[in-house]
Amino acid sequence: MTEERAQARECNDASVIRGTGVDECAEAHGRYEIECIGADGWVKWCETIDNVVCTVGINLALDSFLAGAAYTVTGPFMGLISSTSYSAVAIGDTMASHAGWLEAGGANAPTYSGNRKTAVWSAAASGSKALSAALSFAITGTGTVKGAFLCYGSGALNTKDNTAGVLWSAGTFSTGDKAVVNGDTLNVNYSTSL
């Protein structure tokens with residue numbers, strides 16, 4: 001009997017061909033920096049909020065930047081978020097519909113004097129834009145602050161609890177709620193970058 005043998009071999013080869021190119025991406029980010037000054041003039045606490053930049057705000061910004069011819073800004077106006085009935089801040093929130101939070105200052109504690117504060121900006125630099133000075137909220141009634149928001153655009157008003165305009169951003173304190181009392185002042189800075 002003759003024995004025959006054959007060698008079996010298997011070869012596989014694979015390659016990936018990818019196109020080269022430049023990817024660009026821009027994300028809107030914002031940050032609130034808040035300090036609470038007591039009636040005695042001493043700093044009671046400081047807090048930072050890395051906020052949600054809402055979809056409706058981004059859409060208005062893109063339409064204004066890329067398609068606007070003559071555009072006049074209405075606002076922006078800054079308000080405070082109350083801890084009353086709070087559940088969440090979401091990227092899909094709008095001024096007309098933010099079921100997870102309520103505005104402080106009017107119908108919800110804590111209250112503060114005057115209207116929402118009007119933001120005044122410094123010139124943009126290095127892809128960032130910041131307030132030219134902190135906005136001050138003179139607290140007139142005891143309560144708990146959860147965070148802050150910024151709205152602008154067509155229909156926006158500085159009136160507390162008004163639901164017109166476009167919500168640019170909203171955020172809550174990273175370390176939890178902050179109690180305030182009559183006589184406290186909240187100084188709020190804000191910056192945003194792309």
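## Backbone exceptions, salt bridges and the main pocket of a predicted model

Asp161 is partly exposed, because its relative accessible area is 34%. The residue lies in the loop between β9 and β10. Its phi is near 70 degrees, a positive value in a residue other than glycine. All values reported here come from a predicted model.

Ser126 also has a positive phi without being glycine, here near 55 degrees. This serine sits in the loop between β6 and β7. With a relative accessible area of 84%, Ser126 is exposed. Most residues other than glycine have a negative phi, and most peptide bonds are trans. Two prolines bear on the second part of that rule. A cis peptide bond joins Gly75 to Pro76, with omega about -10 degrees. Pro76 belongs to the loop between α1 and β4 (77-82). Another cis bond links Ala109 and Pro110, and there omega is about -5 degrees. Pro110 is in the loop between β5 and β6.

The overall fold can be stated briefly. The chain contains one helix and 12 strands. Along the sequence, their order is β-β-β-α-β-β-β-β-β-β-β-β-β. Of the 194 residues in the chain, 37% are buried.

Side chains of opposite charge can pair when their charged atoms come close. Five salt bridges are present in the structure. One of the five joins the side chains of Glu47 and Lys178, at 3.5 Å from N to O. Glu47 is in strand β2 (residues 43-50) and Lys178 in strand β11 (residues 178-180), so the bridge connects distant parts of the chain, 131 residues apart. Both partners, Glu47 and Lys178, are buried. The Arg116 and Glu103 pair is also a salt bridge, with the closest N and O atoms 2.7 Å apart. This pair likewise links distant parts of the chain, 13 residues apart. Arg116 occupies the loop between β5 (102-103) and β6 (117-118), and Glu103 is in strand β5. Arg116 and Glu103 are both buried.

Asp177 and Lys146 form a further salt bridge, and their closest N and O atoms are 2.7 Å apart. Asp177 lies in the loop between β10 (166-172) and β11, whereas Lys146 is in strand β9, so the pair ties together parts that are 31 residues apart in sequence. The two partners differ in exposure. Asp177 counts as partly exposed because its relative accessibility is 38%. Lys146, at 16% relative accessibility, counts as buried.

The loop between β5 and β6 also holds Gly114. Gly114 is partly exposed, with a relative accessible area of 47%. Its C-alpha atom is separated by 9.9 Å from that of Ile139, which is 25 residues away along the chain.

Attention now turns to the helix and the pocket. The largest pocket encloses about 450 Å³ of space. It is lined by 19 residues, and those closest to its centre are Phe65, Lys129, Tyr152, Trp168 and Thr192. Four elements each give at least two residues to the lining: α1, β7 (128-130), β9 (143-152) and β12 (185-193). The largest share, four residues, comes from α1. By type, the lining comprises 13 nonpolar residues, five polar and one charged.

Phe65, one of the residues closest to the pocket centre, also takes part in a nonpolar surface patch. The other members of the patch are Leu62, Leu66 and Leu194. Together the four have about 490 Å² of accessible area. Leu66 is part of helix α1 (residues 55-67). Leu66 counts as exposed because its relative accessibility is 73%, and the cut-off for that class is over 50%.

Ser64 is in helix α1 as well. In contrast to Leu66, which is exposed, Ser64 is buried, with a relative accessible area of 13%. The C-alpha atoms of Ser64 and Gly153 are separated by 10.0 Å, and the two residues are 89 apart along the chain.

Conventions. Residues are numbered from 1 along each chain as its sequence is written. This is a predicted model: local features need pLDDT of at least 70, side-chain atom pairs count only at pLDDT 80 or more; totals for chains, interfaces and linings use all residues. Side-chain values use heavy atoms; hydrogens and water are left out. Patches are made of residues with over 30% relative accessible area and no salt bridge: like charges are joined within 9 Å, nonpolar side chains (Val, Leu, Ile, Met, Phe, Trp, Tyr) within 5 Å. Accessible areas come from the Shrake-Rupley method with a 1.4 Å probe; for residues, only the protein chains shown count as cover. Buried means under 20% relative accessible area, exposed over 50%, partly exposed in between (1.4 Å probe, protein chains only). On a 1 Å grid over the protein atoms alone, a cavity is a set of points where a 1.4 Å probe fits but cannot get out, and a pocket is an open set with protein on both sides within 12 Å along at least five of seven lines; lining residues have an atom within 4 Å of a point. Grid points are joined across faces, edges and corners, and a volume is the space filled by probe spheres set on the points. Ala, Val, Leu, Ile, Met, Phe, Trp, Tyr, Cys and Pro count as nonpolar, Asp, Glu, Lys and Arg as charged, and the others, Gly among them, as polar.
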